[in-house]
Amino acid sequence: MKNLIKQLDDNRILFRDRQTGIAWVDDYFTGLGYSCHPNIDVTGSPEGMVNLGYWQKSDILVRSHGFIYNTSKLAVDGTFDSIAAKYCICPSCAAKKLT
């Protein structure tokens, strides 16, 4: 279940999943989504990501709003990823913010 955190501008909205704590920015102008964690569509293959060497078998994977997030890794490249990182409270991010 997504929870509106704040409207960033006319086309971009910051959300957080109430259950997982994962935050993301939906960009309705470009159709893109931004997060601080690498992710694939739920129809994708986590095993394929491991076989390609992008993810590890031991990585923590979390499903949220139609995506599978690898919360063991951070992928922050730009303003909206940074905003999502600031508001992400998934267990992995919460543990990093405490240290």
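**Figure 1. Strand β3 and the orientation of its side chains in the predicted model.** Ala23, Val25 and Asp27 point one way from β3, while Trp24 and Asp26 point the other way. Residues on both sides are buried. Because five of the five residues of β3 are buried, the strand is largely enclosed by the rest of the structure.

**Figure 2. The pairing of β3 with β4.** The two strands run antiparallel and are paired over three bridges. Within this pairing, Asp26 of β3 stands opposite Gly33 in β4. Four residues lie between the strands in the hairpin of β3 and β4. Gly31, in this hairpin, takes a positive phi near 85 degrees.

**Figure 3. The pairing of β2 with β3.** Strand β2 is joined to β3 (residues 23-27) by five bridges, and the two run antiparallel. Two opposed positions can be picked out. Arg16 stands opposite Ala23 in β3, and Phe15 stands opposite Trp24 in β3. The hairpin of β2 and β3 has five residues between the strands. In this hairpin, Gly21 has a positive phi near 85 degrees.

**Figure 4. Strand β2 and its two covered faces.** Strand β2 spans residues 12-17 and is mostly covered, with six of its six residues buried. On one side are Arg12, Leu14 and Arg16. On the other side are Ile13, Phe15 and Asp17. The residues of both faces are buried, charged side chains such as Arg12 and Asp17 included.

**Figure 5. The hairpin of β1 and β2.** Strand β1 (residues 2-7) pairs with β2 in the antiparallel sense, over five bridges. Four residues make the connection from β1 to β2. Asn3 has Arg16 of β2 as its bridge partner; Arg16 also stands opposite Ala23 in β3. A charge-over-ring arrangement involves Lys2 and Phe15: Lys2 lies over the face of Phe15, at 4.3 Å from the ring centre.

**Figure 6. The aromatic pair of Tyr34 and Phe80.** Three aromatic pairs are found in a search of the whole structure. One of them, Tyr34 with Phe80, is tilted, with 5.3 Å from centre to centre and 45 degrees between the planes. This pair links distant parts of the chain, 46 residues apart. Tyr34 belongs to strand β4 (residues 32-34), whereas Phe80 belongs to helix α2 (residues 79-87).

**Figure 7. Ala75 and its surroundings.** Ala75 is placed in the loop between β7 (67-70) and α2. Its relative accessible area is 33%, so Ala75 is partly exposed. Leaving out residues up to four places away in sequence, Ala75 touches Ser35, Cys36, His37, Pro38 and Asp81. Pro38 is 37 residues from Ala75 in sequence, yet the two C-alpha atoms are 5.7 Å apart in space.

**Figure 8. His65 and its backbone angle.** His65 is found in the loop between β6 (61-64) and β7. Most residues other than glycine have a negative phi. The phi of His65 is positive, near 40 degrees. With a relative accessible area of 32%, His65 is partly exposed.

**Figure 9. Val50 in helix α1.** Helix α1 covers residues 46-51 and contains Val50. Val50 counts as partly exposed because its relative accessibility is 23%, and buried means under 20%. Beyond residues up to four places away in sequence, Val50 touches Trp55, Gln56 and Lys57. Ala85 is 35 residues from Val50 along the chain, and their C-alpha atoms are separated by 24 Å.

**Figure 10. The whole chain, as context for the close-up views.** The protein has three helices and seven strands. From the N terminus, the elements are ordered β-β-β-β-β-α-β-β-α-α. The C-alpha trace spans about 40 × 35 × 25 Å along its principal axes. A compact globule of 99 residues would have a radius of gyration near 13 Å, and the protein's 13 Å agrees with this. Of the 99 residues, 37% are buried. Among contacts with a separation of 6 or more, 46% are between residues 24 or more positions apart. The exposed area is about 6100 Å², of which carbon and sulfur atoms supply 55%.

Notes
Residues are numbered from 1 along each chain as its sequence is written. This is a predicted model: local features need pLDDT of at least 70, side-chain atom pairs count only at pLDDT 80 or more; totals for chains, interfaces and linings use all residues. Side-chain values use heavy atoms; hydrogens and water are left out. Buried means under 20% relative accessible area, exposed over 50%, partly exposed in between (1.4 Å probe, protein chains only). Two strands pair if DSSP finds at least two bridges between them. Rings of Phe, Tyr and Trp (its six-membered ring) pair if their centres lie within 6.5 Å; planes under 30 degrees apart count as stacked, over 60 as edge-to-face and the rest as tilted. A charge sits over a ring if NZ of Lys or CZ of Arg is within 6 Å of the ring centre and within 35 degrees of the ring normal. The radius of gyration is taken over C-alpha atoms; the globule rule is 2.2 Å times the number of residues to the power 0.38. Contact means heavy atoms within 4.5 Å. Accessible areas come from the Shrake-Rupley method with a 1.4 Å probe; for residues, only the protein chains shown count as cover.
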